[in-house]
Amino acid sequence: MATADARGRTLAVFGPGKVGEAIGRLALAAGWDVLYVGSPRHTSLQPFLDVSVPGSVAVGHEDAARRADVIVLAVPYGAARTLPWHLFADRLVVDAMNRWPPVDWSRTPLPERSTSEEHALLNPRMRLAKTLNHLGFGDLEDDSLPAGDPLRRTLAFATDHDRDRATLIGLLDDLGFDALDLGPLAEGRWLEPGFAGFGRDLDAAGFRAAIAKSRSLYGNG
Ligand SMILES: NC(=O)c1ccc[n+]([C@@H]2O[C@H](COP(=O)([O-])OP(=O)(O)OC[C@H]3O[C@@H](n4cnc5c(N)ncnc54)[C@H](OP(=O)(O)O)[C@@H]3O)[C@@H](O)[C@H]2O)c1
């Protein structure tokens with residue numbers, strides 16, 4: 001698990017919900033410090049975290065953005081505009097959000113680009129990556145396995161920022177998954193609901209084959 005200096009040590013999760021909690025518990029188990037930022041409704045977040053993610057710490061927006069090596073955004077897609085994007089300049093930010101039909105479809109206009117490309121425009125100085133969005137929160141914890149285990153699953157990521165690739169691989173490894181680098185952020189579309197990589201238990205070759213087949217049939221989506 002995490003030892004190398006290239007890996008992050010502090011994870012800040014915006015959105016202490018189902019997937020945000022699962023990510024935090026896995027990160028804590030791997031030795032990361034884990035911070036949470038809640039919604040304005042979370043007026044007493046720390047007692048809740050003491051039960052749901054013991055060892056994690058509730059902090060404010062600025063504190064989280066300043067202290068985190070990696071920021072994870074895990075709020076509903078429809079609430080994304082309520083996040084403090086201006087604080088994320090020069091930070092590595094993981095977009096774990098999905099446009100999820102039962103929750104978001106009727107309330108938000110369909111983006112022209114992938115959702116993470118849309119989000120990247122909200123702060124061009126931010127280093128946004130797409131991952132942790134294409135596996136259910138229960139599976140994240142159930143299927144987390146040590147490196148080298150033959151049953152270990154693969155999580156894919158996409159980013160435009162080469163300097164973050166090692167950190168993302170280290171984070172996913174620490175959470176219990178092999179990492180597959182899909183390349184530029186635009187490739188994250190394949191990890192979204194309705195696309196070839198979403199919710200599927202594939203190894204790296206399987207992801208690449210599924211995406212290539214989809215691209216040959218439908219172009220870029
Ligand atoms: N559930 C999954 O298995 C899964 C897996 C992968 C990715 N995702 C994606 O991850 C995101 C979260 O899903 P979820 O199922 O974890 O949702 P959830 O259980 O509803 O949790 C979302 C949390 O975000 C909080 N929140 C809302 N606005 C916020 C803000 N501005 N700052 C900080 N926190 C805020 C919510 O608080 P309030 O309740 O007070 O609004 C809630 O605690 C979604 O985009 C989803 O598509 C989900």
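This is a short walk through one protein model with a ligand, told as a group-meeting talk.

Okay, hi everyone. Before anything else, please keep in mind that what you have in front of you is a predicted model.

Let's start with the ligand. Where does it sit? The answer is the largest pocket. There are 25 residues around the ligand, and the ones that come nearest are Lys18, Ser39, Arg41, Thr82 and Phe137.

Now for some individual distances. Arg41 has a polar side-chain atom 2.8 Å from an oxygen atom of the ligand. With Val19 the backbone is involved: one of its polar backbone atoms is 2.9 Å from a ligand oxygen. Then there's Ala96, where a backbone N or O atom lies 3.5 Å from an oxygen atom of the ligand. And how much of the ligand does the protein bury? On its own the ligand exposes 890 Å², and the protein buries 81% of that.

Let's move on to single residues, beginning with Thr10. You'll find Thr10 in strand S1, which covers residues 10-14. Is Thr10 buried or exposed? Its relative accessible area is 9%, so it is buried. If we skip the neighbours within four places in sequence, Thr10 is in contact with Trp32, Asp33, Leu35, Arg67, Ala68, Asp69 and Val70.

Next up is Thr131. Thr131 belongs to the loop between strand S6, residues 127-130, and H6. Its relative accessibility is 0%, so Thr131 counts as buried. What does its side chain do? A polar atom of the Thr131 side chain lies 2.6 Å from the backbone oxygen of Ala156. Ala156 also turns up when we list the contacts of Thr131, again leaving aside neighbours within four places in sequence: Val94, Asp95, Ala96, Leu155, Ala156, Phe157 and Leu172. You may remember Ala96 from the ligand part, where its backbone was 3.5 Å from a ligand oxygen.

Leu132 is in that S6 to H6 loop too. It is buried, at a relative accessible area of 2%. What catches my eye is the backbone: phi of Leu132 is near 65°, which is positive, and this residue is not a glycine. As background, most residues other than glycine have a negative phi.

There's another one like that, Asp90. Its phi is positive at about 65°, although Asp90 isn't a glycine either. Asp90 is in the loop between strand S4, residues 70-73, and strand S5, residues 92-95. Is Asp90 buried or partly exposed? With 44% relative accessibility, it counts as partly exposed.

Okay, on to helix H7, which runs over residues 165-175. Why do we call H7 largely enclosed by the rest of the structure? Because nine of its eleven residues are buried. Those are Arg165, Thr167, Leu168, Gly170, Leu171, Leu172, Asp173, Asp174 and Leu175. One of them, Leu172, we've already met among the contacts of Thr131. Right after H7 comes Gly176, and its phi is positive, near 110°.

Gly176 gives us a nice link to Leu145. Setting aside neighbours within four places in sequence, Leu145 is in contact with Leu151, Arg152, Gly176 and Phe177. Leu145 itself is in the loop between helix H6, residues 137-142, and strand S7, residues 154-159. It comes out at 23% relative accessibility and counts as partly exposed. How many residues separate Leu145 from Pro101 in sequence? They're 44 residues apart, and in space it's 30 Å from C-alpha to C-alpha.

Here's another pair to look at: Ala186 and Glu118. These two are 68 residues apart in sequence, while their C-alpha atoms are 10.0 Å apart in space. Ala186 lies in the loop between strand S8, residues 178-181, and H8. With a relative accessibility of 26%, Ala186 counts as partly exposed.

And last, Gly219. We find it in the segment after helix H8, residues 204-218. Gly219 is partly exposed, at 30% relative accessibility. Outside the four-place neighbourhood in sequence, Gly219 is in contact with Trp190 and Ser214.

That's what I wanted to show. If you rotate the model yourselves, go back to the ligand in the largest pocket, and then look for H7 with its nine buried residues. Thanks for listening!

Technical notes:
Residues are numbered from 1 along each chain as its sequence is written. This is a predicted model: local features need pLDDT of at least 70, side-chain atom pairs count only at pLDDT 80 or more; totals for chains, interfaces and linings use all residues. Side-chain values use heavy atoms; hydrogens and water are left out. Helices (H or I, at least four residues) and strands (E, at least two) are DSSP runs, numbered from the N terminus. Buried means under 20% relative accessible area, exposed over 50%, partly exposed in between (1.4 Å probe, protein chains only). Contact means heavy atoms within 4.5 Å. A residue is near a molecule or strand if one of its heavy atoms lies within 4 Å of it. A polar contact is a pair of N or O atoms within 3.5 Å; within protein, one must be able to donate a hydrogen and the other to accept it, and residues adjacent in sequence count only if both atoms are side-chain atoms. Accessible areas come from the Shrake-Rupley method with a 1.4 Å probe; for residues, only the protein chains shown count as cover. On a 1 Å grid over the protein atoms alone, a cavity is a set of points where a 1.4 Å probe fits but cannot get out, and a pocket is an open set with protein on both sides within 12 Å along at least five of seven lines; lining residues have an atom within 4 Å of a point. A molecule sits in a cavity or pocket if more than half of its atoms lie within 2 Å of its grid points.
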